[in-house]
Amino acid sequence: MNEDLMSPAILSFLTSRDAVFKVHEHGPVISFREAKLSLSFDPDAMVKSLAFRLPGNRHAIAAMRAAERADYKKVADALGVRRADLQMATDEELAQFLSMVSGGVAPLPINSAQVVIDSGVAEMETIYCGTGRNDSTLEIRSTELLRVSCGSLSDIIKR
């Protein structure tokens with residue numbers, strides 16, 4: 001595995017937990033639309049992660065199937081905060097606090113970020129998600145992601 005393909009914080013987190021995963025290198029992608037058009041992965045197996053700033057200088061990451069839309073009220077409830085206190089993390093916050101970039105957010109508790117994962121992700125077998133960078137993708141079984149992330153499962157998408 002080429003260690004240059006993912007954020008050092010993500011690599012350290014995964015290896016310290018003996019996670020089983022693969023990393024795929026590709027050109028930079030930011031959105032699900034770009035990923036569907038340029039990557040060879042099954043779009044139904046793609047997971048997107050949204051990063052948020054919470055009160056008290058805390059951060060959280062919400063993960064869901066890439067084609068789904070987050071219900072911010074449900075995300076806030078799952079994180080135990082008011083909807084008004086749930087703010088999208090800026091690119092600067094992603095880099096400074098989570099060691100990630102836009103288009104590469106990983107659903108992992110880097111720097112004690114709180115992680116909530118939509119229950120639909122648990123039903124998937126293999127998933128493709130962020131590595132902390134937007135020019136590589138993490139391939140991991142959903143059961144393995146749930147094990148290492150210790151994320152809470154909740155219904156966080158719009159229905």
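Which helix lies across strand 6 and strand 7? Helix 6, residues 142–149, does so, running at about 95° to strand 7. Angles here run from 0 to 180 degrees between N-to-C directions, with axes fitted to C-alpha atoms, for helices over the stretch in contact; contact means heavy atoms within 4.5 Å.

Colleagues, this is a predicted model, in which local features need pLDDT of at least 70 and side-chain atom pairs count only at pLDDT 80 or more, while totals for chains, interfaces and linings use all residues. Residues are numbered from 1 along each chain as its sequence is written, and side-chain values use heavy atoms, with hydrogens and water left out. Helices (H or I, at least four residues) and strands (E, at least two) are DSSP runs, numbered from the N terminus.

I begin with the sheet that contains strands 6 and 7. This open sheet has three strands in the order 1-7-6, with antiparallel pairing; two strands pair if DSSP finds at least two bridges between them. Its edge strands are strand 1 (22–25) and strand 6 (126–130), each pairing on one side only. Five antiparallel bridges connect strand 6 with strand 7, residues 136–141, and C129 has L138 in strand 7 as its bridge partner.

I turn now to strand 2. Strand 2 is joined by eight bridges to strand 3 (residues 58–65), and the two run antiparallel. Three residues lie between these strands in their hairpin, where G56 takes a positive phi near 75°. Strand 2 also pairs in the antiparallel sense with strand 4, residues 87–88, over two bridges. F52 has A60 as its bridge partner in strand 3 and stands opposite M88 in strand 4.

Is strand 2 largely enclosed or exposed? Six of its eight residues are buried, so strand 2 is largely enclosed by the rest of the structure; buried means under 20% relative accessible area, with a 1.4 Å probe and protein chains only. S49, which is in strand 2, is buried at a relative accessible area of 11%. Among the residues that S49 touches, leaving aside those up to four places away in sequence, are I61, V105 and P107.

Strand 2 also brings us to the largest pocket, as five residues of the pocket lining, the largest share, come from this strand. Other elements giving two or more residues to that lining include helix 2 (32–38), strand 6 and strand 7.

Note on methods
Buried means under 20% relative accessible area, exposed over 50%, partly exposed in between (1.4 Å probe, protein chains only).
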